[in-house]
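User: I should like to go through the terms applied to this structure and the grounds for each.

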Amino acid sequence: MNRTILSLIGAATALAAITGVASLTAGSSDDTAPAAKAATRLPVERSTLLCPTPTSSDVGTTTYTAFTPKGTGAQGTKKGTAGLLPAQGPQDDSDSSDSEGAENGQKDTQNDQKGQKGTQKDKVNEPVVPLKEPGKPVTAETDRSDAPALIGTADGLLAPGWTVQQTTTVAAGSGRGVLGTTCTAPDTDFWFPGASTAKDRQDYVHLTNPDDSAAEVDLKLYGENGRLKPSTDEAITVPGRSTVPVLLSTLTDVDATDATLRVSARSGRVGATVQAVDQSFGSDWLPASAEPSGSVVLPGIPADATDVRLVVYAPGSDDADLKVRLAGRSSSITPAGHESLHVKSGMTAWADFGNLTEGEPGSLVLTPEGGEGRAAPVVAALRVTRGKGADQETAFIPATTSIERNATAADNRSKGSTLSLVAPNASAKVRVTASAGSGGGTPVSKTYDVKGGTTMAVQPPRPASGKGGYAVTVERVSGGPVYASRMLALPQGGVPMFTIQALPDDRSTVAVPTARRDLSLLNDGKQ
């Protein structure tokens with residue numbers, strides 16, 4: 001039989017590595033065909049990240065930190081590039097206004113040292129925090145109140161595990177606090193349990209479109225009795241390579257302290273993050289929850305938390321009955337009075353745990369009461385408060401995914417970082433590596449054994465002789481699933497300002513199937 005062999009495997013492998021495609025399916029009418037081999041994993045070759053507009057405060061300072069772990073790229077891969085460019089703001093309607101509003105806010109350290117005031121105005125096409133090499137972070141700082149959202153890509157050796165942290169400190173005013181967020185990849189669906197339309201909150205969802213064509217986005221809010229009645233059109237158009245902030249209280253007349261926001265793109269894709277500003281408890285970014293799941297983990301409740309509030313939403317057609325556990329320092333316990341939580345389908349439920357951890361670090365674990373076979377999917381987030389009286393500050397911990405291989409917290413300082421590691425089931429071994437500092441130094445690694453059912457809170461290692469900010473990468477070495485978060489505490493004037501970032505897997509690799517035989521077609525029907 002004369003045949004022409006179609007060599008599709010190489011093309012599929014390249015496509016998967018670039019775009020994140022996890023599988024390739026080829027139909028066959030031959031039931032005797034041998035099964036495909038297990039998928040292999042290859043480093044991604046391109047990553048896209050979106051950073052929201054940091055702050056409009058005149059007393060705010062924002063630090064950007066970019067990092068790619070060393071040794072995650074495939075051998076023979078080109079060196080690559082990585083950087084972020086300003087997005088077009090919501091008031092911009094022409095290329096000229098885009099240029100004026102997109103001046104780079106990177107602070108010129110040398111000019112500051114010479115006593116010169118203000119920031120240097122760079123060319124629009126000059127990237128912010130451009131990486132030169134894996135393993136060494138790059139930082140930039142701005143005090144501009146009109147600093148733009150950022151859109152960026154990384155390719156080659158700099159793409160696998162590329163992480164950018166945006167940390168803003170606002171010293172005073174209603175937006176006082178530390179607002180920290182990990183810049184996100186674009187997607188088409190996001191859930192934000194813990195959002196609010198209450199009068200003492202101003203929550204904005206920031207929508208950023210990385211592509212040239214416009215994206216059409218639907219915004220829907222859900223409260224304790226279901227969908228909140230909209231007061232306006234919930235469809236939002238986000239122009240190409242632009243960012244649009246939307247105040248959630250303008251979407252409905254209902255005053256909901258605990259609500260869940262769904263962001264779904266009808267066309268295109270966006271990055272989405274909620275900026276929550278509380279008149280009494282400061283401000284922080286509320287990241288999206290992990291995708292709906294029957295079991296969720298919310299890692300890294302600080303030992304000195306004075307109040308912990310859980311918000312859960314059930315997006316499926318079934319109610320969710322959840323068993324609540326606190327994975328503490330030495331074991332898992334059931335919080336008194338909060339043994340379980342019932343969440344009605346399409347509704348938001350909440351529980352106030354007060355001083356849940358009582359001086360010890362912990363993580364909240366939610367599992368279906370009837371076992372995984374009867375699990376109804378949920379999304380969840382925690383609002384965590386530290387301090388007392390007028391000196392209170394809040395941060396958010398969304399449900400997150402486990403670390404399959406690596407996860408990175410990019411912005412760490414000489415002090416103030418606390419890394420929380422939780423193994424909700426079986427024990428696990430974890431390696432934590434501090435990178436070189438942005439100003440030099442040598443990486444340092446340390447291995448931790450996390451007992452099953454517990455949370456371990458540690459001060460992460462610091463680079464030897466390191467200067468400047470540094471990144472911390474968590475690697476699961478062996479054992480059961482591991483979840484992690486990093487708290488960055490930057491107290492000011494007696495206020496325990498802090499922010500917490502959950503650390504999901506960095507998706508530095510993608511699964512690519514390996515076939516045992518080539519697909520083929522008859523050349524000309526001859527045998």
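The exchange below takes up the terms in turn.

Analyst: Please note that this is a predicted model.

User: Why is Asp203 called buried?

Analyst: The relative accessible area of Asp203 is 1%. Buried means under 20%, so Asp203 is buried. Asp203 lies in strand S11 and touches, among residues beyond four places away in sequence, Val246, Leu247, Leu248 and Ala276.

User: What makes the pair Asp203 and Arg201 a polar contact?

Analyst: The side chains of Asp203 and Arg201 are joined at 2.7 Å. The limit for such a pair of N or O atoms is within 3.5 Å, and the value of 2.7 Å therefore meets that distance criterion.

User: How do you know that S11 and S15 pair?

Analyst: Pairing requires at least two bridges. Strand S11 (residues 201–208) is joined to S15 by 5 bridges, so the requirement is met, and the two run antiparallel. One of the bridge partners is Thr243 in S15, set against Thr208.

User: Why are S15 and S18 said to stand at the edges of the sheet?

Analyst: The open sheet has 4 antiparallel strands in the order S15-S11-S17-S18. S15 (243–247) and S18 (282–286) each have a single partner strand, so one side of each is left without a neighbour in the sheet. Direction ignored, neighbouring strands of this sheet are turned by 20° against each other on average.

User: Which residues have the most contacts inside the largest nonpolar core?

Analyst: They are Leu298, Leu310, Val312, Leu364, Leu366 and Leu382, in a core of 32 residues. Apart from this core lies another of 28 residues, including Leu207 and Leu248.

Notes:
Residues are numbered from 1 along each chain as its sequence is written. This is a predicted model: local features need pLDDT of at least 70, side-chain atom pairs count only at pLDDT 80 or more; totals for chains, interfaces and linings use all residues. Side-chain values use heavy atoms; hydrogens and water are left out. A nonpolar core is a set of buried Ala, Val, Leu, Ile, Met, Phe, Trp, Tyr and Cys residues joined through side-chain atoms within 4.5 Å. Buried means under 20% relative accessible area, exposed over 50%, partly exposed in between (1.4 Å probe, protein chains only). Axes are lines fitted to C-alpha atoms, for helices over the stretch in contact, and angles run from 0 to 180 degrees between N-to-C directions. A polar contact is a pair of N or O atoms within 3.5 Å; within protein, one must be able to donate a hydrogen and the other to accept it, and residues adjacent in sequence count only if both atoms are side-chain atoms. Contact means heavy atoms within 4.5 Å.
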